Amino acid sequence: MKNKDHNYFMNEALKEAKKAFLKDEVPVGAIAVKHGKIIARAHNLRESKQDFSAHAEFIVMQKAQKKLGSWRLEDVSIYVTLEPCPMCAGAMIQSRIKDLYFGAKDPKAGAVCSVLKLLDNPFNHQIHYEGDILFESASELLKDFFKKLRS
Ligand SMILES: [Zn+2]
């Protein structure tokens, strides 16, 4: 896919992140794309649901499997505004997604290229991934959120 497409889809994930922001949730958004079409959207809802697993990319994969009627998310690409944590990166291997595109890196909890490089290990399913897509917008939103929290 061309860069233009990546930016378009990441912008859609950022729209979801802004929804989280307005709900006083850590602003992370995600979308699932199959064959160039968005099949699911979600944002972080951990506080609203009091559910540790309610991360944007986790919810978007659950919505995608429901929509496709299969836990095998083959040919599905996930766009998420923040580098996934170990739980979500693990779920990506389990659900067999094709590609992962993320925005900002998460130096404290990221499991793709920060704390861990989970996806680089020889699991039975390999995921192609790229980071730093529109990361300025994603990190700006996170910074604004934590600024708001402190004030
Ligand atoms: Zn996560």
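**Exercise 1. R96 and D132**

Classify R96 as buried, partly exposed or exposed, and state where along the chain R96 is found.

*Solution.* Start from the relative accessible area, for which buried means under 20%, exposed over 50% and partly exposed in between (1.4 Å probe, protein chains only). R96 has a relative accessibility of 29%, so this residue counts as partly exposed. The model is a predicted one, in which local features need pLDDT of at least 70 and side-chain atom pairs count only at pLDDT 80 or more, whereas totals for chains, interfaces and linings use all residues. Residues are numbered from 1 along each chain as its sequence is written, and side-chain values use heavy atoms, with hydrogens and water left out.

Next, place the residue relative to the secondary structure, where helices (H or I, at least four residues) and strands (E, at least two) are DSSP runs numbered from the N terminus. R96 sits in the loop between α4 and β4, just after α4, and takes a positive phi of about 60° there, although R96 is not a glycine. Most residues other than glycine have a negative phi.

The same steps can be applied to D132, which is not a glycine either and has a positive phi of about 65°. D132 belongs to the loop between β5 (128-130) and α5, and its relative accessible area of 38% makes it partly exposed.

**Exercise 2. The zinc site**

Identify which atoms coordinate the zinc ion and at what distances, and decide whether C85 and C88 are buried or exposed.

*Solution.* Donors are N, O and S atoms within 2.8 Å of the metal (3.2 Å for Na, K and Ca), and water is not among the atoms, so sites may look incomplete. Under this criterion the zinc ion is coordinated by ND1 of H55 together with SG of C85 and SG of C88, at 2.0 to 2.3 Å. Read along the chain, these donors follow the spacing H-x29-C-x2-C. As for accessibility, both C85 and C88 are buried.

**Exercise 3. The packing of α3 and α4**

Describe how α3 and α4 pack, giving the angle and the separation of their axes, and name the residues that meet.

*Solution.* Axes are lines fitted to C-alpha atoms, for helices over the stretch in contact, and angles run from 0 to 180 degrees between N-to-C directions. For α3 and α4 the angle is about 25° and the axes lie 9 Å apart. Angles under 35 degrees count as roughly parallel, over 145 as roughly antiparallel, 65 to 115 as roughly perpendicular and the rest as oblique; α3 and α4 are therefore roughly parallel to each other.

To list the meeting residues, take contact as heavy atoms within 4.5 Å. E57, F58 and M61 of α3 then meet M87, C88, A91, M92 and S95 of α4. The buried residues of α4 are C88, A89, A91, M92, I93 and S95, and what covers them includes α3, β3 and β4.

**Exercise 4. The nonpolar core**

Find which residues of the largest nonpolar core touch the most other members, and list what L100 contacts beyond its neighbours within four places in sequence.

*Solution.* A nonpolar core is a set of buried Ala, Val, Leu, Ile, Met, Phe, Trp, Tyr and Cys residues joined through side-chain atoms within 4.5 Å. The largest such core holds 50 residues, of which A32, V60, M61, I78, Y79, I97 and L100 touch the most other members. Two or more residues each come from α1 (3-22), β1 (29-34), β2 (37-43), α3 (56-68), β3 (76-82), α4 (86-95), β4 (99-104) and α5 (135-150). Setting aside neighbours within four places in sequence, L100 is in contact with I78, V80, P84, M92, V112, L119, I127, H128, Y129 and E130.

**Exercise 5. Buried positions in α1, β2 and α3**

Work out where E16 lies and whether E16 is buried or exposed, then trace the contacts of A40 and A64.

*Solution.* E16 lies in helix α1 and, at 3% relative accessibility, counts as buried. Beyond neighbours within four places in sequence, E16 is in contact with G29, A30, R41, A42 and H43. E12, also placed in helix α1, counts as buried at 7% and, with the same sequence neighbours left aside, contacts I31, I38 and R41.

A40 is found in strand β2 and counts as buried at 6% relative accessibility. Again leaving aside neighbours within four places, A40 contacts A30, I31, A32, V60, K63 and A64. A64 lies in helix α3, is buried with a relative accessible area of 0%, and contacts A32, I39, A40 and L73 when neighbours within four places are left aside.
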